[in-house]
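Biologist: Before I rely on any of the labels used for this protein, I would like to hear the reasoning behind them. Could you take me through it?

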Amino acid sequence: MTQATNQEATMTPYERFEANRPRLRAVAYRMLGSAAEAEDAVQEAWLRLDRTGAGHIDNLDAWLTTVVGRVCLDMLRSRGSRRESVLPETEPARTTGPEDEAMLADSVGLALLVVLETLTPAERLAFVLHDLFAVPFEEVAPIVGRTPDAARQLASRARRRVRAQPEPPERPAGREIVEAFLTASRDGDFETLLSLLDPDVRLRMDEQFHNLPTELHGARTVAQFYVGRAQGAFPALIDGTLGFRVAPNDDTMLVVTLTVTDGRITSFEATTNQDRLREMEILPL
């Protein structure tokens, strides 16, 4: 590990932790698939740093990554959703270059969390840390309890499974439907809105918001509700789910996730609670 820079040496441990927080949260979210659990993992890293102190840590970035990685690994294993199979360390690995790995990391965007659910916890951690965050295998190895070569093979297995995983077919169609729905709403095009909705579509809000109804049912009722309403709405990926956010002044007021079945929207779930909104990862589409 390298010595801390002069600038880092003048920062308090909390300031150094806060500088690392966005990266740590990104690592944890891609490991856990939950914004709330990711925040818990990052907070646990701070508590451990606060107890331990930063005086003896040469490379705080690497130390925090290690702690968050181990916390996420423990959280994944505690879910009990799968048992990790131990494969021989001599399993042959497919050779790829850095350019191939970078292209793979860029290509898994929207489907990443879906694909990662198919991996064992150790494979998931090795792939996320190395392929997505460029952590060397020498640093990945102690986190997963393997040798560097074994960690490299874990990432290689994960990479092959990511490549083999087809893109979820509903993503492109779903995005097109979201965009068509918002356009029709802005234009006040009732008939197009109606054509995009399932006859039994439901809209639910998590709480009362600006005197709006908390639940609506039926295509005509929902279409009428949305006529002219989408002026400040933008397509988004909300904790990995397709939907849109309403942010008239780039300040998110609410988000709506939706379900698309056979080319029509069957449900809307609106979140207006500000505490919940702050926990969500909201990405533009």
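Modeller: What follows goes through some of those labels in turn, and the model is a predicted one.

Biologist: Why is Arg124 called buried?

Modeller: Buried means under 20% relative accessible area, and Arg124 has a relative accessible area of 0%, so the label applies. Arg124 belongs to helix 7, which covers residues 121-132.

Biologist: What makes the approach of the Arg124 side chain to the backbone oxygen of Met31 a polar contact?

Modeller: A polar contact needs a pair of N or O atoms within 3.5 Å, one able to donate a hydrogen and the other to accept it; the side chain of Arg124 reaches that oxygen at 2.6 Å, which is within the cut-off, so the pair qualifies by distance. Beyond four places in sequence, the residues in contact with Arg124 include Met31, Arg30, Leu32 and Gly33.

Biologist: Which residues touch the most other members of the largest nonpolar core, and what makes it a core?

Modeller: They are Phe17, Leu49, Leu64 and Val140, in a core of 44 residues; the name applies because such a set consists of buried residues of listed kinds, Leu, Val and Phe among them, joined through side-chain atoms within 4.5 Å. Helix 4 (60-79) gives the most to this core, with nine residues. Leu64 touches Phe17 and Leu49, as well as Asn20, Leu24 and Ala45, when residues up to four places away in sequence are not counted. Apart from this core lies another, of 32 residues, including Ala184 and Tyr226.

Conventions. Residues are numbered from 1 along each chain as its sequence is written. This is a predicted model: local features need pLDDT of at least 70, side-chain atom pairs count only at pLDDT 80 or more; totals for chains, interfaces and linings use all residues. Side-chain values use heavy atoms; hydrogens and water are left out. Helices (H or I, at least four residues) and strands (E, at least two) are DSSP runs, numbered from the N terminus. Buried means under 20% relative accessible area, exposed over 50%, partly exposed in between (1.4 Å probe, protein chains only). Contact means heavy atoms within 4.5 Å.
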